Amino acid sequence: MSDISLLRAEFPILKQTENGQPLVYLDSAATTQKPQSVIDAITQYYTQENANVHRGVYGLSERATEKYEGAREKVRALLNAKSTQEIIFVRGATEAINLVAATWARDQLQAGDEVLITEMEHHSNIVPWQLLRDQLGIRLNVLRINALGEVCLNAMASMLTPKTKLVSITHMSNALGTINPVKEMIALAHGVGAKVMVDGAQAVAHMKVDVQDLNCDFYAFSGHKTYGPTGIGVLYGKQSLLEAMSPYQAGGDMIYSVTFEKTQYNVLPYKFEAGTPNIAGAIGLGVAVDFLNRVGQDAIGAYEHELMVYATEQLQTIDGLRIIGQAKNKGGVVSFVVEGVHPHDVATLMDQDGIAVRASHHCAMPVMQHFKVPSTIRASLGIYNNFEDIDRLVASVQEAIQMLR
Ligand SMILES: Cc1ncc(COP(=O)(O)O)c(CN[C@@H](CS)C(=O)O)c1O
């Protein structure tokens with residue numbers, strides 16, 4: 001692992017204080033902080049390279065297009081996709097999932113067909129399928145989690161039927177930290193002929209993702225959770241599926257020719273990228289991919305795992321504190337509740353100590369219902385966190401509890 005103190009120095013925001021205390025940022029699952037290289041790339045685009053892409057026959061536009069498409073190639077390589085035609089730029093994981101629901105699912109599903117999700121899904125991988133259930137009459141089946149926050153492959157196998165047409169699963173839970181055995185889950189789903197969408201929002205910044213090795217049909221992630229800017233994300237899709245899918249949005253750039261009688265759509269990936277894209281965001285994401293490649297996704301995940309284990313051990317010494325989510329295979333997320341005090345009150349007091357954690361249902365309300373809690377306090381890790389951050393977290397939790405009890 002690269003020298004963490006040198007890596008921290010790449011993140012300007014970490015130099016500031018919060019309520020007079022050095023900031024301890026422990027909400028990377030919500031959004032990661034940005035390295036100076038990403039910030040500089042966006043500034044450089046707007047100060048030296050700004051022009052619309054794919055349209056201009058002048059140097060500025062050609063350079064902007066080269067940067068934009070260069071970012072797409074970086075994402076292709078990061079995911080080990082076969083072709084850049086399989087890499088669609090969207091706003092984030094939410095839009096990626098909605099794009100599949102609005103195109104592939106609407107094209108392919110009919111009343112009585114089944115979609116399988118898990119109980120640990122983020123709302124962005126629950127509500128799109130509920131909308132289709134209510135509109136198309138499909139069945140939405142839910143693979144339950146156990147007391148540790150894990151799914152069971154045997155239970156999944158028993159829920160798959162010839163009517164299961166889509167399995168949509170998170171690679172890593174944002175609320176629990178559970179890392180799912182997605183490769184095995186994909187193989188099970190393919191065994192009954194179902195396609196698989198993987199929500200990788202919480203995975204790409206923490207582990208190497210190889211979409212060909214996983215053999216997933218779709219894979220989604222958000223740039224802002226991978227040290228990139230907000231407003232840019234990626235949908236990977238197998239080219240054969242994308243070719244057959246109806247367009248998602250209509251307008252400029254997604255067309256080849258338009259008459260009032262008929263429109264011929266553009267080739268991939270542009271068929272799914274209507275209108276002026278988030279050019280600066282894509283360029284920023286490309287530089288974030290450079291950062292991930294320099295540090296190493298698996299190295300980041302291994303380091304965060306060490307911090308997570310240390311944080312769990314330290315937090316568990318606190319009377320009345322219960323860790324929510326104790327999967328054997330777990331990423332850098334520690335969710336917990338404390339008997340007799342509300343998560344929001346604890347997190348609010350922790351902010352006074354300069355500690356930034358999330359207290360919420362984390363857009364995973366079914367997970368909260370499963371564990372019978374209204375919300376949790378969640379500390380989620382990034383490459384810039386260190387053991388001192390964890391010590392300050394634990395001390396602040398202890399102090400907050402004493403004040404509240
Ligand atoms: C597993 C998972 N799937 C989808 C999303 C949505 O990502 P967007 O970039 O907002 O589109 C998220 C975002 N989870 C944030 C906001 S609720 C969190 O604090 O955990 C996620 O964690």
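1. Let's fix one term before anything else: a salt bridge here is a side-chain nitrogen of Lys or Arg within 4 Å of a carboxyl oxygen of Asp or Glu. Lys67 and Glu49 fit that rule, with their side chains 2.7 Å apart, N to O. Lys67 sits in helix 3 (residues 59–79) and Glu49 in helix 2 (residues 36–49), so this pair links parts that are 18 residues apart in sequence. Helices (H or I, at least four residues) and strands (E, at least two) are DSSP runs numbered from the N terminus. The structure has 15 salt bridges.

2. A word on what we're looking at: this is a predicted model, where local features need pLDDT of at least 70 and side-chain atom pairs count only at pLDDT 80 or more, while totals for chains, interfaces and linings use all residues. Residues are numbered from 1 along each chain as its sequence is written, and side-chain values use heavy atoms, with hydrogens and water left out.

3. On annotation, an unreviewed UniProt entry lists "domain: Aminotransferase class V" at residues 24–393. Its positions follow the numbering used here, the feature name is shortened, and such annotations may be inferred rather than shown by experiment. Over residues 24–393 the chain is 40% helix and 18% strand, and the end C-alpha atoms are 8 Å apart.

4. The chain splits into domain 1 (4–30 + 296–404) and domain 2 (39–294), with bounds from an automatic or database domain assignment. Their C-alpha centres lie 28 Å apart.

5. How much area do domain 1 and domain 2 bury between them? About 2900 Å², 53% of it on carbon and sulfur atoms; that is accessible area (1.4 Å probe) lost on putting the two parts together, summed over both. On the domain 1 side, Gln297, Cys363 and His370 lose the most area to domain 2, together 21% of what that side buries.

6. Counting contacts (heavy atoms within 4.5 Å), 38 residues of domain 1 touch 36 residues of domain 2. Two salt bridges cross this interface.

7. Polar contacts are pairs of N or O atoms within 3.5 Å; within protein, one must be able to donate a hydrogen and the other to accept it, and residues adjacent in sequence count only if both atoms are side-chain atoms. Between domain 1 and domain 2, 24 residue pairs qualify, both at pLDDT 80 or more. Helix 11 (297–315), strand 14 (333–338) and helix 13 (365–371) each give at least two residues to the domain 1 side that touches domain 2, and helix 13 has the largest share there, six residues.
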